[in-house]
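Student: I'm new to this one and would like a guided tour. Could you show me the structure and teach me how to read its features as we go?

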Amino acid sequence: FGIHSLTMGIGVYFDNRKIISATKRERVSPIMEHMPTVDFELVVDNENRMFDVENKESTVNFLEIGQEIQVIYGQELDNGSVEWMPGATVYLREWSADDKEMSFTATDRFDAMDGTYFRGRYHEEGISLYDLAVDVLEDAGVAPRTYWLDGYLKDVAIQNPMPAVSHKEALQLIANAGRCLLYQDRMGNLFMKSSFVPGMTAASEN
């Protein structure tokens, strides 16, 4: 037995009876030539104008640009139970409705990280790419529990200042300098992981 969901506050759910279509597109460059993207589009039935903006009691009035959307997939098993698995965590970009349908467009966390990083400076003694990435993420307001950085970045140091670019572009520059892959997982957590196989040795006793 597992908990399917726990909502504190107001939650709007759409199941297969209401969903007309859903599309998720992911794009990740193995050499970080461009930023990774997750684009999600959802169209639901708006029969009886349930999501009418003119209706003050409609749940559509609780929607906010940038709010988190959890996408989960359910697989019905032979015994009739449903096994749920995470599909994506995206953030509302825009929505629209007419008398028949309502559509949502959502995207990844990087899309909103467009604030400018102004803390770049020359480091005479050098700064590790790990510490630099932490500073960029901290300046962007990203909670430490929602990202993971490869420990290998602690051994790569630079002196040059980070230019005044957006937070997501700063992360891309760090990933390029460290030969890392930058991406978002299904839970919405950010990862910067080495994209090469490091030198390794193995040893055993007895």
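Tutor: Gladly. Let's start with vocabulary: helices and strands here are DSSP runs, with at least four residues for a helix and at least two for a strand, numbered from the N terminus. Keep in mind that this is a predicted model.

Student: How many helices and strands are there in the protein?

Tutor: The protein has 12 strands and 2 helices. Reading from the N terminus, the order is β-β-β-β-β-β-β-α-β-β-β-α-β-β.

Student: And how do I read the overall shape?

Tutor: One way is to set the radius of gyration beside what the globule rule gives for a chain of that length. Here the radius is 21 Å, well over the 17 Å from the rule for 206 residues, so the protein is more spread out than a compact globule. The C-alpha trace spans about 65 × 55 × 30 Å along its principal axes.

Student: What share of the 206 residues is buried?

Tutor: Buried residues account for 32% of them.

Student: Next, aromatic rings. How do I describe two of them together?

Tutor: You give the distance of the centres and the angle of the planes. Searching the whole structure turns up 4 aromatic pairs. Take Phe-14 and Phe-104: their centres are 5.5 Å apart with 45 degrees between the planes, which makes the pair tilted.

Student: Why does that pair tie together parts that are apart in sequence?

Tutor: It comes down to where the two rings are: Phe-14 is in the segment before strand S1 (19-27), while Phe-104 is in strand S5 (residues 101-107), so the pair joins parts that are 90 residues apart in sequence.

Student: Are these two buried or exposed?

Tutor: The cut-off you need is that buried means under 20% relative accessible area and exposed means over 50%, with partly exposed in between. Phe-104 has 7%, so this residue is buried. Phe-14 has 23% relative accessibility, so that one counts as partly exposed.

Student: Which other pair can I look at, and how is it arranged?

Tutor: Try Tyr-152 and Phe-196, an edge-to-face pair with 5.2 Å centre to centre and 80 degrees between the planes. Tyr-152 sits in the loop between strand S8 (147-149) and strand S9 (157-158), and Phe-196 in the segment after strand S12 (190-194), so this pair too links distant parts of the chain, 44 residues apart. Tyr-152 is partly exposed at 23% relative accessible area, and Phe-196 is partly exposed at 22%.Student: Which rings form a cluster?

Tutor: Ring pairs link Trp-148, Tyr-183 and Phe-191 into one.

Student: Where do charged ends sit over rings?

Tutor: Look at Phe-196 again: the charged end of Arg-179 sits over its ring, 4.1 Å from the centre. Likewise, the charged end of Lys-154 lies over the ring of Tyr-130, 4.8 Å from the centre of that ring.

Student: Now the empty spaces. How do I tell a pocket from a cavity?

Tutor: In a cavity a probe fits but cannot get out, whereas a pocket is open. The largest pocket has a volume of about 1300 Å³. Its lining has 35 residues, and Val-12, Tyr-13, Phe-14, Gln-70 and Val-71 lie nearest its centre.

Student: Which elements give two or more residues to that lining?

Tutor: They are S1, strand S2 (37-45), strand S3 (68-76) and strand S4 (82-97). S3 gives the most, with 7 residues. By class, the lining of the largest pocket divides into 23 nonpolar, 9 polar and 3 charged residues.

Student: What about the second largest pocket?

Tutor: Its volume is about 230 Å³. It is lined by 16 residues, with Asp-108, Arg-109, Asp-111, Ala-112 and Met-113 closest to its centre. S4 gives the most to this lining, with 3 residues. The classes here are 7 nonpolar, 5 polar and 4 charged.

Student: And how many cavities of 30 Å³ or more are counted?

Tutor: The count comes to 1. About 40 Å³ of space lies in the largest cavity. Among the residues that line it are Leu-137, Trp-148, Leu-171 and Phe-191. S8 and S12 are the elements that give two or more residues to this lining. Its classes are 9 nonpolar, no polar and no charged residues.

Student: Can we finish with a single residue?

Tutor: Sure, find Pro-163 in the loop between S9 and strand S10 (165-166). With 41% relative accessibility, Pro-163 counts as partly exposed. Pro-163 and Arg-121 are 42 residues apart in sequence, and their C-alpha atoms are 8.4 Å apart in space.

Key
Residues numbered from 1 in each chain as written. Predicted model: local features only at pLDDT ≥ 70, side-chain atom pairs only at ≥ 80, totals over all residues. Heavy atoms only, no water. Phe/Tyr/Trp six-rings, centres within 6.5 Å; stacked < 30°, edge-to-face > 60°. Buried < 20%, exposed > 50% of the residue type's maximum accessible area, 1.4 Å probe, protein only. Lys NZ or Arg CZ within 6 Å of the ring centre and 35° of its normal. 1 Å grid on protein atoms, 1.4 Å probe; cavity = no way out; pocket = protein on both sides within 12 Å on 5 of 7 lines; lining within 4 Å. Points joined across faces, edges and corners; volume = space filled by probe spheres on them. Nonpolar A, V, L, I, M, F, W, Y, C, P; charged D, E, K, R; others polar. Rg over C-alpha atoms; globule rule 2.2 N^0.38 Å.
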